[in-house]
Amino acid sequence: MKYWGFTETYTYSMVSEGLFEGPLEEAVEINNPLNEEFIYMRKTLVPSLLKVVSENKNSEIIKIFEISNIYNKRLNNLPEEVLTFAGVIKKEKVSFYEVKGLIEQLSLDLGIKDLSFKQSEKTGNGASIYLGKEYLGEIEIMDTNLIDFELNFQILIKHATQKRYIHS
């Protein structure tokens, strides 16, 4: 990602109610939080990355990514930890096709060919990404200057090979 102008970020796994995305019934709540900012374990990396963007609002171009765990609630058990890869591009007139091409090139660099993109049912404005029939993640168009993506990194690792493909 650094060769494509991205900077890696590290954000907290614990988030406030305002940064938790989704219904709070699905949240993994921390029994003894240090303060009100860190009550829940995050279910997605995107809100944390968008917070980084908002804290750097004077920057005209921001390209950041993070590889970290998200936490899915399981009844009567510890949460499921899912290694996730997410990124955000903020710049004037960022294109969906720029982000789609980035993900396609990344997959080819990992030796993965079988990606497909379909109109997103989750975000409404973007694309769902599949590796074969397996759901991989989302591209979400926030506005004309901001696009985010989030992929299940465990699936990418599982399918990665030493074979490289040239994009045609």
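**Aromatic pairs, nonpolar cores and a buried glutamate**

Across the whole structure, a search identifies seven aromatic pairs. The model analysed here is a predicted one. One of these pairs is formed by Phe 65 and Phe 85 in an edge-to-face arrangement, with 6.0 Å between the centres and 65 degrees between the planes. Because Phe 65 belongs to strand S5 and Phe 85 to strand S6, this pair ties together parts that are 20 residues apart in sequence. Phe 65 is buried, at 9% relative accessibility, and Phe 85 is likewise buried, at 3%. Phe 85 also pairs with Phe 153; here the geometry is tilted, with a centre-to-centre distance of 6.2 Å and an angle of 55 degrees between the planes. Since Phe 153 lies in helix H3 and Phe 85 in strand S6, the tilted pair links parts that are 68 residues apart in sequence. Phe 65, Phe 85 and Phe 153, together with Phe 149, make up one aromatic cluster.

Phe 149 is also among the residues with the most contacts inside the largest nonpolar core, which comprises 23 residues; the others so listed are Ile 103, Leu 136, Ile 139 and Leu 151. Two or more residues of this core are supplied by each of strand S6 (80-90), helix H2 (96-109), strand S8 (126-131), strand S9 (134-143), strand S10 (146-152) and helix H3 (153-159). The largest share, five residues, comes from H2. With neighbours within four places in sequence set aside, Ile 103 is in contact with Leu 115, Phe 117, Ile 129, Ile 139, Phe 149 and Leu 151. A second core, separate from the one described above, contains 13 residues, including Leu 50, Ile 70, Val 88 and Leu 146.

Strand S5 (residues 62-72) also contains Glu 66. This residue has a relative accessible area of 1% and is therefore classed as buried, the limit being under 20%. The side chain of Glu 66 makes a polar contact of 3.2 Å with that of Arg 42. When residues up to four places away in sequence are not counted, Glu 66 touches Thr 9, Tyr 10, Thr 11, Arg 42, Leu 45, Leu 49, Thr 84, Phe 85 and Ala 86. Phe 85, a member of the aromatic cluster, is thus also a contact of Glu 66.

Two lysine residues are placed over aromatic rings. The charged end of Lys 100 sits over the ring of Phe 117, at 4.9 Å from the ring centre. Lys 118 lies over the face of Tyr 130, with a distance of 4.7 Å to the centre of the ring. Phe 117 is, in addition, one of the residues in contact with Ile 103.

Notes. Residues numbered from 1 in each chain as written. Predicted model: local features only at pLDDT ≥ 70, side-chain atom pairs only at ≥ 80, totals over all residues. Heavy atoms only, no water. Core = buried A, V, L, I, M, F, W, Y, C linked by side-chain atoms within 4.5 Å. Buried < 20%, exposed > 50% of the residue type's maximum accessible area, 1.4 Å probe, protein only. Helix = DSSP H or I, 4+ residues; strand = E, 2+ residues; numbered from the N terminus. Contact = heavy atoms within 4.5 Å. Polar contact = N/O pair within 3.5 Å; in protein donor to acceptor, adjacent residues only side chain to side chain. Phe/Tyr/Trp six-rings, centres within 6.5 Å; stacked < 30°, edge-to-face > 60°. Lys NZ or Arg CZ within 6 Å of the ring centre and 35° of its normal.
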